[in-house]
Amino acid sequence: MSRIAILISGAHGRGSTLVNLAQACKDGRIPGSEVVGVIGTISSSPAIGRAKEISLSVSIVSPLKENYAERLLSKLNSLKPDLICLAGYMRRIPEQVLTEYRHKIVNIHPALLPSFGGQGMYGSNVHQAVFDYGVKVSGCTVHFIDSGYDTGPIILQQVVSIDDAKSPDEVGAKVLEAERIAYPEAVRLLCTGRVRVDGRRVEIEKAEEE
Ligand code: GRF
């Protein structure tokens, strides 16, 4: 059984990503896995509310108090996760946590990295920038976390055509549909041991039947 921990931050997340991952563990899209805990930074977040609604175990670790890195690491260690999935976590992951969980922390970014990423590029900012630039395709990127913003090795990308999108919201809606498929798929590959990392390059081993 693969144990998945989910990290979120701030008060603005909707929680749709964590719900999708939790459902994917239950409905067989990520076989042999379970979400063992959700860690947020603030209890009033709607995403934390969603996690409680679907009976996930929830903890709050506040970055505003001292020793955030140590407290976060200790909470994570208590969950014994095989994989940590960010689901709307906008902060840098503390160095201590990165060292302990090297190549075990992943995120989904709502654009095709390395374009439209970096500090400040989250949520509707991303789709606004994509729309304003006039690119014809966008999509999502599942990547490992390193010490930068959106800079870790790329595991999987899914492209969507946005040629006919009339607004940033339309771009966001199309990308969200792709995220719903791409994140569980990447987590499935990770949990079944089919992902090899070689520097920046990530290789996915083919399954025997493929
Ligand atoms: C997702 O769109 C994802 O791309 C990004 O954070 C967003 C979280 O959305 N990393 P939600 O709160 O899960 O709905």
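**Exercise 1. Find which residue just after H1 takes a positive phi, and describe the helix before it.**

Step 1. Look just past the end of H1: glycine 28 has a positive phi there, about 95°. Helices are DSSP runs of H or I with at least four residues, strands are runs of E with at least two, and both are numbered from the N terminus.

Step 2. A word on the model before going on. It is predicted, so local features need pLDDT of at least 70 and side-chain atom pairs count only at pLDDT 80 or more, while totals for chains, interfaces and linings use all residues. Residues are numbered from 1 along each chain as its sequence is written, and side-chain values use heavy atoms, with hydrogens and water left out.

Step 3. Now see how enclosed H1 is. Nine of its eleven residues are buried, so H1 is largely enclosed by the rest of the structure. Here buried means under 20% relative accessible area, exposed means over 50%, and partly exposed lies in between (1.4 Å probe, protein chains only).

Step 4. Look for the cover over those buried residues: it includes strand E1 (2-7), strand E2 (33-40), helix H2 (46-53) and helix H6 (168-191).

**Exercise 2. Work out what surrounds asparagine 20.**

Step 1. Place the residue: asparagine 20 sits in helix H1, residues 16-26.

Step 2. Check its accessibility. Asparagine 20 counts as buried because its relative accessibility is 7%.

Step 3. List its contacts (heavy atoms within 4.5 Å). Setting aside residues up to four places away in sequence, asparagine 20 touches Arg29, Glu179, Arg180 and Pro184.

Step 4. Zoom in on Arg180. A polar atom of the asparagine 20 side chain lies 3.1 Å from the backbone oxygen of arginine 180.

**Exercise 3. Is threonine 17 buried or exposed, and what is it in contact with?**

Step 1. Threonine 17 is also found in helix H1. With 13% relative accessibility, threonine 17 counts as buried.

Step 2. Leave aside neighbours within four places in sequence, and threonine 17 is in contact with Ala87, Ile108, Glu179, Arg180 and Tyr183.

**Exercise 4. Describe the chain as a whole.**

Step 1. Count the elements: the chain has six helices and nine strands.

Step 2. Compare its radius of gyration, taken over C-alpha atoms, with the globule rule (2.2 Å times the number of residues to the power 0.38). The value is 16 Å, close to the 17 Å that the rule gives for 210 residues, so the chain is as compact as a globular protein of that length.

Step 3. Finish with burial: 48% of the 210 residues count as buried.

Conventions:
A polar contact is a pair of N or O atoms within 3.5 Å; within protein, one must be able to donate a hydrogen and the other to accept it, and residues adjacent in sequence count only if both atoms are side-chain atoms.
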